[in-house]
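Got your viewer open? Here's a walk through one model, with a pick to make at each stop.

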Amino acid sequence: MSKLLVRPSVPDAEGRIHHVTPQSAGWTHVGFDVHRLAGGQTIAREAGGREVCIVLLAGKAAVSAEGQDFGTIGGRASPFEPDPWSFYVPAGTDWSLAAQGPCEIGVCSAPGKPGLKSRVIAPADVQCLTRGEGSNTRHVRNILPETEPAEGLLVVEVITPPGCWSSYPPHKHDRDALPHESLLEETYYHRLNPPQGFAFQRVYTDDRSLDETLSAHDGDVVLVPEGYHPVAAPHGYELYYLNVMAGPKRVWKFRNEPAHEWLVTPNPA
């Protein structure tokens, strides 16, 4: 199996089914965990050198940081429903979470330093927009964009309708070459509705030294260390993915593959 495709594991004592670290991924910045918790289960983490954005994929949880109670957040039954709730915790801050019934969370992390404040990211704080048209339509929820405070993390949800493409035309962000392109590692956490479905994701570089086409099933993570990374949702299956990005600069600037630039550039008269 490709090293870029990470299948969920049997839940550990904390309900964790994914544990992507910079060490396991072979990169520097992005970390990503998924926990599926039963009601009453708790998670507590000590302060460290990484900032965290906890996304409530499904269910509700009570969250706190540095002993401050931020209340119960969440409420949707699945990530395919709207109105995501999240909780941002800066580096150097202890945090805890207690599931209020069955709950699924994504824990997104990147290197950071103390200074920012912990905060709840409510649905009203999330910009929602639709990109593309026709079979290139996808619905975006910007949970932690570069316009909001964080040290390195960028977090976004995307819903791709059945039969549509996403992260398309193929684009990449693997060079520190601002203002034209930024260097960002990225994970995709895929969910399918109905869950027996699958999606295709290709990850490839200009010189094709990396060129893999992956079949992602419900609950899989795809690692994007470099290169272009388009995604396709087959007919009959709605695709959700949670993106986590981070790099040396907290800026999202991408480059479309030149061969497909015509898809977004108007034809000359």
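## Stop one: an arginine under cover

At 13% relative accessibility, Arg191 counts as buried, because the cut-off for that label is under 20%. Before you go further, bear in mind that this is a predicted model. Select Arg191 and you land in strand 19. What does the side chain of Arg191 make a polar contact with? Show the side chain of Asp218: the two side chains meet at 2.8 Å.

Now bring up the rest of the surroundings. Leaving aside residues up to four places away in sequence, Arg191 touches Arg36, Pro79, Phe80, Glu104, Asp218, Gly219, Glu238, Leu239 and Tyr240. So the list has acidic company in Glu104, Asp218 and Glu238, as well as another arginine, Arg36.## Stop two: ring pairs

Stay in strand 19 and pick Tyr189, which belongs to that strand (residues 185-193). Add Phe32, from strand 3 (residues 31-37). A search of the whole structure turns up eight aromatic pairs, and this is one of them: the ring centres are 5.7 Å apart and the planes meet at 50 degrees, so the pair is tilted. The two residues are 157 apart in sequence, and their pairing links distant parts of the chain. Are these rings buried or exposed? Phe32 is buried, at 1% relative accessible area, and Tyr189 is buried too, at 0%.

Next, select Trp165 and Tyr168. Their ring centres lie 5.1 Å apart with the planes at 40 degrees, so this pair is tilted as well. Turn on a surface here: Trp165 is partly exposed at 37%, and Tyr168 is partly exposed at 23%.

## Stop three: two cis prolines

Keep Tyr168 selected and step to Pro169. The peptide bond between them is cis, with omega near 5 degrees. Pro169 sits in the loop between strand 15 (165-166) and strand 16 (171-172).

For another cis bond, go to Asn193 and Pro194, where omega is about -5 degrees. Pro194 belongs to the loop that runs between strand 19 and strand 20 (198-204).

## Stop four: charges over rings

Select Arg202 and Tyr204. The charged end of Arg202 sits over the ring of Tyr204, 3.8 Å from the ring centre. Then try Arg119 with Tyr88: here the charged end of the arginine sits over the tyrosine ring, 4.8 Å from its centre.

## Stop five: an open sheet

Switch to cartoon and colour strands 4, 9, 6 and 7. Together they form an open sheet in the order 4-9-6-7, with antiparallel pairing. Which strands are at the edges? Strand 4 (42-45) and strand 7 (68-74), each of which pairs on one side only. Ignoring direction, neighbouring strands of this sheet are turned by 15 degrees against each other on average.

Zoom in on strand 6 (residues 60-65) and strand 9 (residues 95-99), which pair antiparallel over five bridges. Ala61 is a handy marker there: it stands opposite Ala99 in strand 9.

Follow the chain out of strand 6 and click Glu66, in the loop between strand 6 and strand 7. Its phi is near 50 degrees, a positive value in a residue other than glycine. Glu66 is exposed, with a relative accessible area of 52%.

Then continue past strand 7 to Asp83, in the loop that leads to strand 8 (85-89). Asp83 also has a positive phi, near 65 degrees, and at 48% relative accessibility it counts as partly exposed.

## Last stop: strand 13 and its neighbours

Select strand 13 (residues 138-144). How many of its seven residues are buried? Six, which leaves the strand mostly covered.

Add strand 12 (residues 127-131) on one hand: it pairs antiparallel with strand 13 over five bridges. The two form a hairpin with six residues between them, and Gly132 in the turn has a positive phi of about 75 degrees. Then add strand 14 (residues 154-160), which runs antiparallel to strand 13 and is joined to it by five bridges.

Finish by centring on Arg141. This residue is the bridge partner of Cys128, and it stands opposite Glu157 in strand 14. Showing Cys128, Arg141 and Glu157 together gives you a row to trace from strand 12 through strand 13 to strand 14.

Terms used: Residues numbered from 1 in each chain as written. Predicted model: local features only at pLDDT ≥ 70, side-chain atom pairs only at ≥ 80, totals over all residues. Heavy atoms only, no water. Phe/Tyr/Trp six-rings, centres within 6.5 Å; stacked < 30°, edge-to-face > 60°. Helix = DSSP H or I, 4+ residues; strand = E, 2+ residues; numbered from the N terminus. Buried < 20%, exposed > 50% of the residue type's maximum accessible area, 1.4 Å probe, protein only. Lys NZ or Arg CZ within 6 Å of the ring centre and 35° of its normal. Polar contact = N/O pair within 3.5 Å; in protein donor to acceptor, adjacent residues only side chain to side chain. Contact = heavy atoms within 4.5 Å. Pairing = 2+ DSSP bridges. Axes fitted to C-alpha atoms, helices over the stretch in contact; angles between N-to-C directions.
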